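Open the model in your viewer and follow the stops below. Each one says what to select and what is there.

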Amino acid sequence: MLEVRGLRVRYGTSSPALDGVDLTVAPGECVTLLGANGSGKSSLFSALSGLLRFDGDVRFEGDDVGKLRPAAIVARGIAQCPEGRKLFPELSVEKNLRLGAYVGRRDRRGTDEALERVCTLFPDVRDKLRAPAGALSGGQQQMVAIGRALMARPKLLLLDEPSLGLAPRMVQAMLDAVAAINRAGTMVLLAEQNAYAALSIAHRGYVLANGKVVLEGSASTLQQNELVKKAFIGA
Ligand SMILES: Nc1ncnc2c1ncn2[C@@H]1O[C@H](COP(=O)(O)OP(=O)(O)OP(=O)(O)O)[C@@H](O)[C@H]1O
Ligand SMILES: [Mg+2]
């Protein structure tokens, strides 16, 4: 269980990017984080990953993980797939994937098993293991980026806009893969601007605006909410 209470992030002297966010992800859940550009989604992920200083309380499985360093947070079972993929384009797909297992690097067999699971989930990735990551299509690179986070064998996967820049057909395939990861037992926190697609696989969701949670509820409640429809679905 992830429990976030009163999370505050401020860059320099501007108004806070996150202004007292409360949020939970329970075992088995896929939770989506909706919000327009600049609402604070990526800042939340950076805070949870230990990449950004913040005020507030972050507990994972009952332990205070708020002040841990990034590697220690990954070791506790929280892995992030950052916005914009951030692969090493010159390195092979397999090397990129194995880097994700760095924290558990002494466990060669566990790493090989994790690699096999990623290849089963994303067959395109298996075909490209030896290719430089930079030679893959955008959608394939996104699969590698998610796969790299999965190599850490996380209990909670943080996905920051995995469908960004993908063709509509690819968006659904990507989110189907995320749903499969969740069904296999990994908690998922999924930031998306593609609200309709995200709500189709999530159990619950939160809507962020100007660093505050302005709405939360079950996926079906949010799908029917007028504000969500207007702001994100365009109905
Ligand atoms: N490194 C930074 N330095 C200063 N301000 C920042 C920095 N990163 C983000 N911000 C500001 O914090 C606020 C939240 O940004 P954030 O990137 O978290 O939003 P987001 O919801 O992820 O947006 P997007 O959908 O565009 O990715 C914005 O006002 C942004 O300008
Ligand atoms: Mg962002």
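**Stop 1: a nonpolar patch**

Select Leu99: at 40% relative accessibility, this residue counts as partly exposed. Leu99 sits in helix α3. Now add Phe88 and Leu91. Together with Leu99, they make a nonpolar surface patch of about 250 Å². Keep in mind throughout that this is a predicted model.

**Stop 2: the magnesium ion**

Select ligand 2, the magnesium ion. Which protein atoms serve as its donors? They are OG of Ser42 and OE of Glu83, at 2.0 to 2.3 Å from the ion. Ser42 belongs to helix α1 (residues 41-48), while Glu83 is in the loop between β6 (78-81) and α3 (93-99), so this pair ties together parts 41 residues apart in sequence. Color both donors by accessibility. Ser42 has 25% relative accessibility and counts as partly exposed. Glu83, at 28%, is also partly exposed.

**Stop 3: ligand 1**

Move to ligand 1 and show its surroundings. There are 13 residues around this ligand, and Asn37, Gly38, Lys41, Ser42 and Ser43 come nearest. Ser42 is thus in two selections: it is a magnesium donor, and it is listed among the nearest residues here.

Next, display the polar contacts. A polar backbone atom of Gly40 lies 3.0 Å from an oxygen atom of ligand 1. For Ser39, the distance from a polar backbone atom to a ligand 1 oxygen is 3.3 Å. Gln193 uses its side chain: an N or O atom there is 3.0 Å from an oxygen atom of ligand 1. How much of the accessible area of ligand 1 does the protein cover? Of the 630 Å² that the ligand has on its own, 58% is covered.

Stay on Ser39 for a moment. Find it in the loop between β3 (30-35) and α1. Is Ser39 buried or exposed? Ser39 is buried, with a relative accessible area of 3%. Its side chain reaches the backbone oxygen of Ala36 at 2.8 Å.

**Stop 4: from Lys41 to Glu161**

Select Lys41 again, this time with Glu161. The two form a salt bridge, with their closest N and O atoms 3.8 Å apart. Lys41 is in helix α1, and Glu161 is in the loop between β7 (156-160) and α7 (168-183); the pair links distant parts of the chain, 120 residues apart. Lys41 counts as buried at 5% relative accessibility. Glu161 is likewise buried, at 5%.

Then select Glu94, Arg98, Arg108 and Asp112. Salt bridges with shared partners join these four residues into one network.

**Stop 5: salt bridges between strands and loops**

How many salt bridges does the model hold? The count comes to 14. Two are worth a look here.

Start with Lys212 and Asp19. Their side chains meet in a salt bridge, 3.0 Å from N to O. Lys212 is in strand β10 (residues 212-218) and Asp19 in strand β2 (residues 18-25), so the bridge links distant parts of the chain, 193 residues apart. Lys212 is partly exposed at 41% relative accessibility. Asp19 is partly exposed too, at 22%.

Finish with Arg204 and Glu29. The side chains meet at 2.6 Å, N to O, in a salt bridge. Arg204 is in strand β9 (residues 204-209), and Glu29 is in the loop between β2 and β3, so the pair ties together parts 175 residues apart in sequence. Glu29 counts as buried, at 14% relative accessibility.

Terms used. Residues numbered from 1 in each chain as written. Chains lettered and ligands numbered in written order. Predicted model: local features only at pLDDT ≥ 70, side-chain atom pairs only at ≥ 80, totals over all residues. Heavy atoms only, no water. Donors = N, O, S within 2.8 Å, 3.2 Å for Na, K, Ca; no water. Helix = DSSP H or I, 4+ residues; strand = E, 2+ residues; numbered from the N terminus. Buried < 20%, exposed > 50% of the residue type's maximum accessible area, 1.4 Å probe, protein only. Patch = residues over 30% accessible without salt bridge, like charges linked within 9 Å, V, L, I, M, F, W, Y side chains within 5 Å. Areas by Shrake-Rupley, 256 points an atom, 1.4 Å probe, with all protein chains shown as cover. Near = heavy atom within 4 Å. Polar contact = N/O pair within 3.5 Å; in protein donor to acceptor, adjacent residues only side chain to side chain.
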